[in-house]
Amino acid sequence: MDKFTNSAWFMRIVAFALAALLFISINFEMESDKKSLGLSTAPEISTETIENVPVEVYYDRENLVVSGVPETVDVTLKGAKSLLINAKNQRDFKVYVDLSDPAISMGDRTVTFKISDLNEKLVATIDPEYAEVNVQERVTKEFSVEAEYNSSLLEEGYTAGQPTVSPKTVKITGAKDAIEQISYVKANLEISKGLNETVNSKATVKALDRDLNKLDVTIEPSSVAVSLKVSIPSKTVSIAPKQTGKAKDGIRITSISVDPKEVTLFGSETSLEKIDEINLPVNISKIDGDTELELDLNKPDSVQKMSLGKAQVKIRTEKVEVDEENAEPVVEEEEPETEQKQEEQVVEEKPEPEEEDEPAAIESKTFNNIQIVPVGIRDDQDAELESDVTSITLLGEADDLKKITKDDINLTVDVSNLDEGTHDVDLAVTVPEGVEWELDSKTVSVTITQKDEET
């Protein structure tokens with residue numbers, strides 16, 4: 001053993017081992033020193049921009065309103081790539097504006113954005129860096145809501161009443177300056193073109209300034225129920241039968257009546273004002289005797305619709321002798337008369353006076369919408385007629401009837417001796433001489449009321 005330890009090779013091996021240990025020890029200490037001095041190998045540094053990061057605002061929401069803070073900002077992060085990837089994916093940091101100081105003053109101010117919950121080894125840059133905000137006292141006020149709609153979208157001829165709103169008022173909360181700018185609170189009812197029926201719908205409420213700009217406020221409730229009644233003007237007019245064509249020989253039309261006597265028209269007010277009656281042409285050229293017909297009513301172009309499309313017409317006739325001067329000769333299957341007999345017959349017929357004195361045919365003419373005028377109204381009373389117009393049929397010779405107009409007919413009702421209440425009173429009729437008249441009803445209902453005493 002002693003011989004081995006005293007050998008040269010043993011000493012060489014021991015020296016080599018000690019040298020190796022010394023080298024390892026020195027290198028380990030140097031690496032430790034580098035780490036402690038920050039001299040270790042640096043990781044890869046990168047930047048990453050995260051867009052549309054939400055901004056939180058801390059302030060007294062019960063008493064203040066803050067405006068001007070953007071909803072989002074862009075954040076650029078710089079640091080180790082592994083940390084950037086984690087921050088971008090997790091988004092566990094926050095961007096905020098702090099206005100929570102109770103002593104904060106009202107008005108405009110510049111505030112900087114801050115970031116929290118971000119890894120301390122990352123550096124953040126926020127774009128924009130700051131915001132111009134406005135701090136105002138929070139105010140709540142009640143306003144009436146006015147509904148509106150586009151009337152040009154109604155179907156032609158239709159009209160709409162004033163829209164109704166429920167609830168009629170809303171509470172609006174916002175900055176004091178914004179509340180003071182409110183000039184209109186509108187609920188716009190959305191309708192489609194060609195509207196012809198009543199609408200019940202919801203409408204969103206908007207607060208507008210006097211220039212109709214929408215204001216940034218909170219409205220409660222945000223929508224209201226709106227009802228819009230849509231209707232079409234109407235007018236009831238008489239149906240006036242009008243003879244067309246020529247009656248057959250030996251047939252005279254004594255009367256033409258129509259059932260119903262009236263029809264209701266629907267359309268614009270301007271169109272209805274121009275219509276007083278609906279003419280119903282009745283062709284009498286094929287009538288052989290008393291007849292009942294169902295005829296179509298012709299709708300005027302300016303009218304949207306009518307309450308009915310047909311009417312029943314009753315035609316009454318009578319047989320009359322054919323006017324020999326106008327009638328065509330009647331062919332009879334008899335032996336032809338000699339020329340002498342024909343001359344004798346002519347001579348015998350000439351002196352007959354009855355043919356010359358035969359009375360003219362009686363015809364009828366109907367006048368519609370004749371005004372009924374109350375007379376004898378006392379100063380302390382008002383008189384209201386159930387209907388102040390009626391129709392009258394005149395009977396007489398055709399030549400006489402042609403000359404008569406509405407102005408020649410007077411219908412009156414005497415109310416001078418009536419007490420307060422409703423009465424059926426006889427109509428007084430004045431027509432030109434030589435004609436007879438017929439009324440659907442010879443009485444009219446009149447309501448007498450006392451005038452209110454002037455104070």
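Strand 9 (residues 146–148) and strand 13 (residues 184–188) run parallel in this predicted model, with 3 bridges holding the pairing together on paper. One of the matched positions is Glu 146, whose bridge partner in strand 13 is Lys 186. Strand 13 also has a partner in strand 14 (residues 199–208), this time in the antiparallel sense and over 4 bridges. Lys 186 turns up again here, standing opposite Lys 206 of strand 14. So much for strand 13; further along the chain, strand 18 tells a similar kind of story.

Strand 18 covers residues 234–244 and pairs with strand 20 (residues 262–266) through 5 bridges, the two running antiparallel. Within that pairing, Lys 235 is matched with Leu 265 of strand 20. Strand 18 is also joined to strand 21 (residues 277–283), and this pair runs parallel, with 7 bridges between them. Here Ile 239 has Ile 278 of strand 21 as its bridge partner. As a general point, side chains in a regular strand alternate between the two faces of the sheet.

Zooming out to the whole chain, the count comes to 8 helices and 32 strands. Among contacts with a separation of 6 or more, 70% link residues 24 or more positions apart. As for burial, 29% of the 455 residues count as buried. The chain exposes about 31,400 Å², and carbon and sulfur atoms supply 46% of that area.

Technical notes. Residues are numbered from 1 along each chain as its sequence is written. This is a predicted model: local features need pLDDT of at least 70, side-chain atom pairs count only at pLDDT 80 or more; totals for chains, interfaces and linings use all residues. Side-chain values use heavy atoms; hydrogens and water are left out. Two strands pair if DSSP finds at least two bridges between them. Buried means under 20% relative accessible area, exposed over 50%, partly exposed in between (1.4 Å probe, protein chains only). Contact means heavy atoms within 4.5 Å. Accessible areas come from the Shrake-Rupley method with a 1.4 Å probe; for residues, only the protein chains shown count as cover.
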